[in-house]
Amino acid sequence: MTQPRKYSLTLFGATGFTGGLCADYLASHMPADAPWALAGRNLSKLESVRDRLSAAGANNLPELIQADVDDQASLDNMAQLSKVVITTVGPYVFYGEGLVRACADNGTHYCDLTGEPEFVCNSMTRYHASARRTGAAIVNACGFDSIPHDAGALFTVRALAKKLGGQINGQVTMEGVVSAAGTFSGGTWQSAITAMGRPTENRFAMKHARMALDHEYPKTARVLPMRPKHDAELGGWLAPMPTVDPFMVVRSARAVDGYGPDFRYGHYVAGKTLPKMVGGMAAIGGLVLAAQIKPLRNKLLEYRQSGDGPSAEKREKSWFKVQFRARSGGEQVMCEVAGGDPGYSETAKMLAETAMCLALDKDQPKRAGVLTPMMACEDRLIERLQAAGMTFREL
Ligand SMILES: NC(=O)c1ccc[n+]([C@@H]2O[C@H](COP(=O)([O-])OP(=O)(O)OC[C@H]3O[C@@H](n4cnc5c(N)ncnc54)[C@H](OP(=O)(O)O)[C@@H]3O)[C@@H](O)[C@H]2O)c1
């Protein structure tokens, strides 16, 4: 980054459901001397968000920036004014690329909430080189996708290294198992159905990103072949979870020190009993199939509208935990990452903490380019999340 910026950070998408929660979090956590801004396409909606923050007692109120994904100059302007831009404007595969380009070109750090593999992979193949050149950290998946998994895996290898006398010299096999209760917003539904409806584009983007990754990071880290299985120690019946998370975990393992020379990761959702696991897999399989057929996909998209999301009462009752088991050199550790409502309250917190880490903390980010959260912030982000109430512990 070459010049000082007017704003420490800017939140793009502040008028949406998750953007609104992130604005609330930032209003109560941004230091008084750090100017920040809310951005969106509709100024009067942004004013309403700022009025709500003011009524809630915020004393460091944000300024407002008009920006629209259909107007590249407005995205460049936002990137030039800001040290870090957060975006909650999705589906990212439709709305996200212009802002990644603006941030990569202008040396501006960037954090998003995508869980769309196609978007992450295209960002890597198209903008990694320019971001490296300008010093921008383009950090994808800073919400429930993928921080608990990415940060939990790093926390677990740190615990394993301690058990092995300080260093991992052999192969590490790690499995992560997710359990959660919660519901989703209209924006998440739109993004998930969109991603499910683009299997060919996803495969193509993934193949090219893998080739770029192999070239840049020669260290071995792979996703384990995953099948449904029973594992009493990890909570019963487990179904493979083919989300973007394992891809993010192995990218961190390749780039960050501490995962050992050969790291393998498997990612599961806890089904507990066999009927529950089979029922869950059948429901997901049905959704994926329906998303391939345009009229059915359009019907599915109508089911939940952009802007809506779970009430505060529902979010209060929601929770998640991810348990990790890692083995190497005859030793084993079990660790857990846990918190409240995964999709929204905790996601807003994780996104804001990542952005504040990049904007405010000494010696951050750790590297430039298109990155995972751990590649960008390493242990400092885990410390921030612990201080913000998320649990990271060895079991
Ligand atoms: N991975 C995770 O853990 C996780 C968790 C939560 C959310 N998410 C993702 O975050 C994204 C947002 O979800 P959400 O539920 O908050 O969505 P939402 O409520 O529908 O909000 C979408 C936001 O995008 C803005 N927008 C749409 N078109 C725009 C344009 N042309 N220019 C500028 N802004 C535009 C909307 O502005 P207007 O108000 O002007 O319409 C709104 O602020 C989704 O992609 C979702 O999948 C991911």
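# The ligand shell and the strands and helices of a predicted model

The residues that form the shell around the ligand divide into 21 polar, eight nonpolar and five charged. The model described here is predicted. Altogether 34 residues surround the ligand, and the closest are Gly16, Gly90, Gly143, Gly187 and Ser306. Both domain 1 (7-144 + 345-390) and domain 2 (147-339) contribute to the shell, with at least three residues drawn from each. Helix 1 (17-29), helix 4 (92-95) and helix 8 (186-196) each supply at least two residues of this shell. The largest share, four residues, comes from helix 8.

One of the closest residues to the ligand, Gly90, also takes part in an unusual backbone feature. The peptide bond that leads from Gly90 to Pro91 is cis, with omega near 0°. Pro91 itself is placed in the loop between strand 4 (82-87) and helix 4, and helix 4 is among the helices that supply at least two residues of the shell around the ligand.

A second loop deserves similar attention, namely the one between strand 6 (137-139) and helix 7 (147-163), where Ser146 lies. The peptide bond from Asp145 to Ser146 is cis, with omega near 5°. Ala141 is found in this loop between strand 6 and helix 7 as well. Its phi is near 60°, a positive value in a residue other than glycine. Is Ala141 buried or exposed? Ala141 has 30 C-beta neighbours inside 10 Å and therefore counts as buried, the cut-off being 20 or more.

Another residue other than glycine with a positive phi is Glu378, where the angle is near 45°. Glu378 is found in the loop between helix 15 (373-377) and helix 16 (379-387). Because Glu378 has 23 C-beta neighbours inside 10 Å, this residue counts as buried.

The strands may be followed next, beginning with strand 11 (residues 262-272). Eight of the 11 residues of strand 11 are buried, so this strand is largely enclosed by the rest of the structure. Which strands pair with strand 11 in the parallel sense? Strand 7 (residues 171-181) runs parallel to strand 11 and is joined to it by eight bridges. Within this pairing, Val172 stands opposite Phe263 of strand 11, and Met174 has Tyr265 of strand 11 as its bridge partner. Strand 8 (residues 220-223) also pairs with strand 11 in the parallel sense, over four bridges. Here the bridge partner of Ala221 in strand 11 is Phe263, the residue that also stands opposite Val172. By contrast, strand 10 (residues 236-240) pairs with strand 11 in the antiparallel sense, over four bridges. Pro240 stands opposite Tyr268 in strand 11.

Strand 7 has a further partner. Nine bridges join strand 7 to strand 12 (residues 319-328), and these two strands run antiparallel. Gly176 stands opposite Phe324 in strand 12. Strand 7 is thus joined to strand 11 in the parallel sense and to strand 12 in the antiparallel sense. In a regular strand, the side chains alternate between the two faces of the sheet.

Strand 1 (residues 7-12) contains Phe12. With 28 C-beta neighbours inside 10 Å, Phe12 counts as buried. Phe12 and Gln66 are separated by 54 residues in sequence, and their C-alpha atoms are 9.3 Å apart in space.

Helix 6 (residues 117-134) completes this account. How does the span between its ends compare with expectation, and what does the backbone do between them? At 1.5 Å a residue, the 18 residues of helix 6 should span 26 Å, and the end C-alpha atoms are 24 Å apart, which agrees. Helix 6 also holds a kink of about 60°, centred on Tyr127. Tyr127 is one of the buried residues of helix 6. Others include Pro117, Glu118, Phe119, Val120, Cys121 and Asn122, as well as Ser123, Met124, His128, Ser130 and Ala131. The helix is followed by Gly135, whose phi is positive, near 85°.

Terms used. Residues are numbered from 1 along each chain as its sequence is written. This is a predicted model: local features need pLDDT of at least 70, side-chain atom pairs count only at pLDDT 80 or more; totals for chains, interfaces and linings use all residues. A residue is buried if 20 or more other C-beta atoms lie within 10 Å of its own, exposed if 12 or fewer, and partly exposed in between; C-beta atoms are placed from the backbone. Two strands pair if DSSP finds at least two bridges between them. A residue is near a molecule or strand if its C-beta atom, placed from the backbone, lies within 6 Å of it. Ala, Val, Leu, Ile, Met, Phe, Trp, Tyr, Cys and Pro count as nonpolar, Asp, Glu, Lys and Arg as charged, and the others, Gly among them, as polar. Domain bounds come from an automatic or database domain assignment. The expected span of a helix is 1.5 Å times one less than its number of residues. The bend at a residue is the angle between axes fitted to the seven residues ending there and the seven starting there.
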